[in-house]
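Biologist: Before turning to the details, I should like a close look at one part of this protein. Please take the largest nonpolar core and set it within the rest of the chain.

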Amino acid sequence: MATEPTKKDGPLLTTADGAPIADQENSLTAGPRGPLLMQDVVLQEQMQRFNRERVPERVVHAKGSGAYGTFTVTNDITQYTKAAMFSEVGKETELSIRFSTVAGERGAADAERDPRGFAVKFYTEEGNWDLVGNNTPVFFVRDPYKFAMFIHSQKRHPHTNLRDADMQWDFWSLCPESLHQVTWLFGDRGIPKTYRHMNGYGSHTYSLINAEGERVWVKFHFKTDQGIECLTNEEAADLIAQDRESHQRDLWEAIDNGDFPTWTAYIQVMTQAQAEEVDYNPFDLTKVWPHGDFPLIEVGTLELNRNPQNYHHEVEQAAYNPSSLIPGVGPSPDKMLQGRLMSYQDAHLYRIGVNYRDLRVNRPRVEVRSYMRDGQFGGQLDEGTGHPNYYPNSVEGAPRPDPSYAEPAWHLGDVTVERYNSREDHDDFSQAAALYHLMDEDAKERLVQSLAGAMAGVTRQEIIDRQLGHFDNVDEEYGRRVREAVTAARNAGGDGQSLDAAMAVRDAVPEGEGQRD
């Protein structure tokens with residue numbers, strides 16, 4: 001017999017097929033003690049659907065928070081780009097954003113020391129443009145061949161299922177190009193207080209193309225208007241003990257209370273002639289462009305003013321692609337960017353499915369007309385109906401390309417296809433040294449102690465020696481201080497501790513001025 005409902009004024013409960021449900025609490029059984037009957041199809045449907053409530057977790061950036069907002073142009077940059085969203089001062093474009101941690105799983109605490117993802121989807125009148133960056137202007141590696149290996153080194157050991165300091169520092173010590181980002185990560189900005197109190201960066205070098213077909217290289221910056229605020233190791237440990245969702249909670253409550261966070265957007269611009277003259281590779285993701293040489297140019301304001309209504313639909317299934325570009329914005333020779341142009345799209349096709357763009361959060365605000373068809377869960381939208389599924393065709397009214405949108409040619413010069421050594425002809429130490437020298441004495445000491453805490457968990461001496469040699473190459477004082485701190489930490493019993501324990505000892509930083517944000 002059906003249970004008396006607790007409320008009699010709600011709408012009728014139905015199956016997924018829309019049929020009325022009479023009882024939501026009592027299984028259909030043969031007698032009061034069972035067994036169950038296969039014909040209780042409502043129960044079967046609910047259990048089967050429950051087993052499929054989750055989509056595969058992101059391999060990286062698994063833990064995230066999202067919001068909606070608006071981008072407003074505050075400065076004319078039409079001399080650099082023909083993108084319609086930048087066509088006039090005051091123009092507004094809707095956007096969605098997803099912040100995230102990088103290495104941790106979905107259950108990771110928000111306040112861990114880790115880079116933060118900063119991915120923005122602009123719903124422009126020329127299609128979606130996704131700018132997928134981090135809260136740091138550089139990254140650990142410059143060649144996509146190393147990306148998956150780098151992530152493996154930050155995840156759990158396949159044997160112990162524990163995060164492993166030997167793995168982490170073995171990889172870093174064998175990849176000195178990581179020194180710049182390592183110094184960022186273990187410096188004061190390594191643990192942002194909230195998502196609202198950190199900068200965002202496109203990180204990669206992109207290109208802008210104006211109406212005359214002229215291309216410049218560009219880097220994107222989003223500087224928080226809330227001010228940079230970070231946590232020390234001790235503050236982070238205390239916060240995590242009380243609240244593992246601190247950043248999610250802060251972002252949601254701020255927007256819900258009408259305290260809308262904002263960021264001021266800037267670009268740095270480099271011409272091809274300048275790119276050929278600088279003494280570093282401007283397309284190297286481990287490098288910044290000194291602000292003294294390439295000053296920040298204000299572009300607009302990014303404001304977050306609306307919370308999602310369904311986390312799974314609007315954040316977990318939100319898909320951000322570096323390959324989602326619009327006329328006037330394009331890629332660069334950046335090797336890591338070139339790799340991500342493929343890998344991010346592929347990840348979404350795997351996680352969400354071939355029709356992931358039909359979901360509202362991923363759907364362009366403009367009409368989509370393509371010859372791509374069908375696939376799992378196809379047919380949610382009616383684009384293409386009435387048109388052929390091939391091109392070229394002679395069907396009147398079918399979508400046609402427009403040559404006026406073609407990008408100008410790239411002149412790569414006399415180049416040779418080869419697997420170039422990603423370490424040769426690169427200076428992995430000068431920019432890390434510049435970052436170290438920007439820090440005041442207190443910040444340097446926190447950096448050193450954070451590094452020592454993390455390295456104290458390394459069990460293999462050759463890994464420690466190799467990494468200390470890199471710090472020596474950055475700066476003699478930097479190397480000496482880290483060496484002394486690591487030795488002290490290991491003598492105090494840190495040798496062999498787990499990475500999780502070691503990471504709890506690491507620390508945070510101030511906003512340096514001068515050559516970087």
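Biologist: Which residues of the largest nonpolar core touch the most other members, and which helices each supply at least two residues of this core?

Modeller: The model is a predicted one, and the whole chain gives the frame for the core. The chain holds 14 helices and ten strands. Its radius of gyration is 26 Å, which agrees with the value near 24 Å that a compact globule of 517 residues would have. Along the principal axes, the C-alpha atoms fill a box of roughly 80 × 65 × 45 Å. Buried residues account for 49% of the chain. Of the contacts between residues at least 6 apart in sequence, 74% join residues at least 24 apart.

The largest nonpolar core has 43 residues, and those touching the most other members are W169, W172, F186, L451, F471 and V482. At least two residues of this core come from each of α2 (147-154), α3 (165-174), α4 (179-186), α10 (430-438), α11 (441-455), α12 (461-474) and α13 (476-494). The largest share belongs to α11, with seven residues.

W172 allows a closer view. Leaving aside residues up to four places away in sequence, W172 touches F140, F150, Q154, S178, V182, L185, F186, Q467 and H470. Apart from the largest core lies another one, of 35 residues, with V216, V299, L302 and L304 among them.

Helix α10, one of the helices that supply the largest core, also contains A433. A433 counts as buried because its relative accessibility is 9%, under the 20% limit. Between A433 and E476, 43 residues apart in sequence, the C-alpha distance is 9.9 Å.

Two further positions can be set beside A433. L231 sits in the loop between β7 (215-224) and α5 (233-242), and its relative accessibility of 8% makes it buried. The C-alpha atoms of L231 and D188 are 7.7 Å apart, with these positions 43 residues apart along the chain counted as their separation. R116 belongs to strand β3, which covers residues 116-124, and is buried with a relative accessible area of 0%. From R116 to L438, 322 residues apart along the chain, the C-alpha atoms are separated by 22 Å.

Some backbone details remain. Most peptide bonds are trans, and most residues other than glycine have a negative phi. The bond joining G34 and P35 is cis, with omega at about 10 degrees; P35 is in the segment before α1 (41-50). Another cis bond runs from Y391 to P392, with omega near 5 degrees, and P392 lies in the loop between α9 (335-351) and α10. That loop between α9 and α10 also holds D374, whose phi is positive, near 60 degrees. D374 is exposed, with a relative accessible area of 59%. A positive phi near 60 degrees is found for H61 as well. H61 lies in the loop between α1 and β1 (64-73) and is buried, with a relative accessible area of 15%.

Finally, the surface: the chain exposes about 25,500 Å², and carbon and sulfur atoms supply 51% of this area. The chain carries 52 positive and 81 negative charges, whose mean positions are 4 Å apart.

Note on methods. Residues numbered from 1 in each chain as written. Predicted model: local features only at pLDDT ≥ 70, side-chain atom pairs only at ≥ 80, totals over all residues. Heavy atoms only, no water. Helix = DSSP H or I, 4+ residues; strand = E, 2+ residues; numbered from the N terminus. Rg over C-alpha atoms; globule rule 2.2 N^0.38 Å. Buried < 20%, exposed > 50% of the residue type's maximum accessible area, 1.4 Å probe, protein only. Contact = heavy atoms within 4.5 Å. Areas by Shrake-Rupley, 256 points an atom, 1.4 Å probe, with all protein chains shown as cover. Lys, Arg positive; Asp, Glu negative; His and termini not counted. Charge placed at Lys NZ, Arg CZ, Asp CG, Glu CD. Core = buried A, V, L, I, M, F, W, Y, C linked by side-chain atoms within 4.5 Å.
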